[in-house]
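Colleague: I have a new protein to look at and would like to go through its fold with you. Could you take my questions one at a time?

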Amino acid sequence: MDSTRATITADRSLIAHAAIMTLLGLLAGFTPIFAKAPTAALTAHTIGIVQGALLFGLAAIWPSLGDGPVVTAARYCGLLGLYANWLGAQLAAFWSAKGMFIVTGHSMPGGAAPWMEGVVAVLLNVSALVIVMCVLILWAALRGAAQENRE
């Protein structure tokens, strides 16, 4: 039996972020009883769990993307966008800021001040950085594949 230690190929920093995001999602499952908009609180719960799973998956493949400014930008776009998305949904639940909830907003009670709606709108729009992350990951993966083909 080989006693050498297996090489760790996952990104430990992203594993930590995945655990944090999953924990935030799990804790958000307890917030509907405190929230003005319980349905939005359940949305924040689901967002946290799904985004935590996404981060665990990204942690597994991240080292294969290599290094460089594109990969670094993808990391920061992803982390910023994912945390902003969860926080925006959670604040929308507490404040009942329904402006960005096109599908379920009609069932949410009113009451959020305009500045609260603005904060939620900014956070949920910042989550578009996750799309940028996906494009950058695709770019890095294709660039890596092209380099492998040349070698």
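Modeller: Gladly, and one term first, since much of what follows leans on it: a residue is called buried when its relative accessible area is under 20%, exposed when that area is over 50%, and partly exposed in between. Please also keep in mind that this is a predicted model.

Colleague: Noted. Which residues of α4 are buried, then?

Modeller: In α4 the buried residues are M116, V120, A121, L123 and L124. Looking down the axis of α4, these buried residues fall within an arc of 170°, so they line one face of the helix.

Colleague: And what sits on the face turned away from the buried side of α4?

Modeller: That face carries the exposed residues P114, W115 and V122. On the buried side, the cover over the buried residues of α4 includes α3.

Colleague: What does the overall fold look like, in terms of helices and strands?

Modeller: The protein has five helices and zero strands, so the pattern along the sequence reads α-α-α-α-α, each element being a helix in the DSSP sense. Of its 151 residues, 39% count as buried, and the accessible surface comes to about 8,700 Å², with 71% of that belonging to carbon and sulfur atoms. Among contacts between residues at least 6 apart in sequence, 75% join residues at least 24 apart.

Colleague: How about α1, which residues are buried there?

Modeller: The buried residues of α1 are L14, A18, M21, T22, G25 and A28. Seen down the axis of α1, they fall within an arc of 120°, so here too the buried residues line one face of the helix. The general background is that an α-helix has 3.6 residues a turn, so residues three or four places apart point the same way.

Colleague: What covers that face of α1?

Modeller: The cover over the buried residues of α1 includes α2 and α3. As for its length, α1 has 17 residues and reaches 24 Å from its first C-alpha to its last, which is close to the 24 Å expected at 1.5 Å a residue.

Colleague: What span should α2 have by that reckoning?

Modeller: The 24 residues of α2 should span 34 Å at 1.5 Å a residue, and the end C-alpha atoms of α2 are 35 Å apart, which agrees. The buried residues of α2 include A40, I47, Q51, L55 and L58.

Colleague: Q51 catches my eye in that list. Why does Q51 count as buried?

Modeller: Q51 counts as buried because its relative accessible area is 7%, and the cut-off for that word is under 20%. Leaving aside neighbours within four places in sequence, Q51 is in contact with M21, L82, N85 and W86.

Colleague: And T39, buried or partly exposed?

Modeller: T39, which is also found in helix α2, counts as partly exposed at 42% relative accessibility. The C-alpha atoms of T39 and A93 are separated by 7.4 Å, although these two residues are 54 residues apart along the chain.

Colleague: Let's turn to the interior. How many residues are in the largest nonpolar core?

Modeller: The largest nonpolar core has 24 residues, and those with the most contacts inside it are L14, L55, L58, W62, M133 and I137. The elements that give two or more residues to this core are α1, α2, α3 and α5, and the largest share, eight residues, comes from α3. Apart from this core lies another, of ten residues, among them A84, L91, A112 and L124.

Colleague: What is I137 in contact with?

Modeller: Neighbours within four places in sequence aside, I137 is in contact with L58, W62, L65 and A74.

Colleague: Changing topic, how many disulfides are there?

Modeller: The count comes to zero disulfides. As for cysteines, C77 counts as buried at 15% relative accessibility, whereas C134 counts as partly exposed at 44%.

Colleague: One last thing: what is the phi of S96?

Modeller: S96 has a positive phi of about 55° although it is not a glycine. As general background, most residues other than glycine have a negative phi. S96 lies in the loop between α3 and α4, and S96 is buried, with a relative accessible area of 1%.

Definitions and conventions
Residues numbered from 1 in each chain as written. Predicted model: local features only at pLDDT ≥ 70, side-chain atom pairs only at ≥ 80, totals over all residues. Heavy atoms only, no water. Helix = DSSP H or I, 4+ residues; strand = E, 2+ residues; numbered from the N terminus. Buried < 20%, exposed > 50% of the residue type's maximum accessible area, 1.4 Å probe, protein only. Contact = heavy atoms within 4.5 Å. Areas by Shrake-Rupley, 256 points an atom, 1.4 Å probe, with all protein chains shown as cover. Disulfide = S-S within 2.5 Å. Arc of directions from axis to C-beta. Core = buried A, V, L, I, M, F, W, Y, C linked by side-chain atoms within 4.5 Å. Expected span 1.5 Å × (residues − 1).
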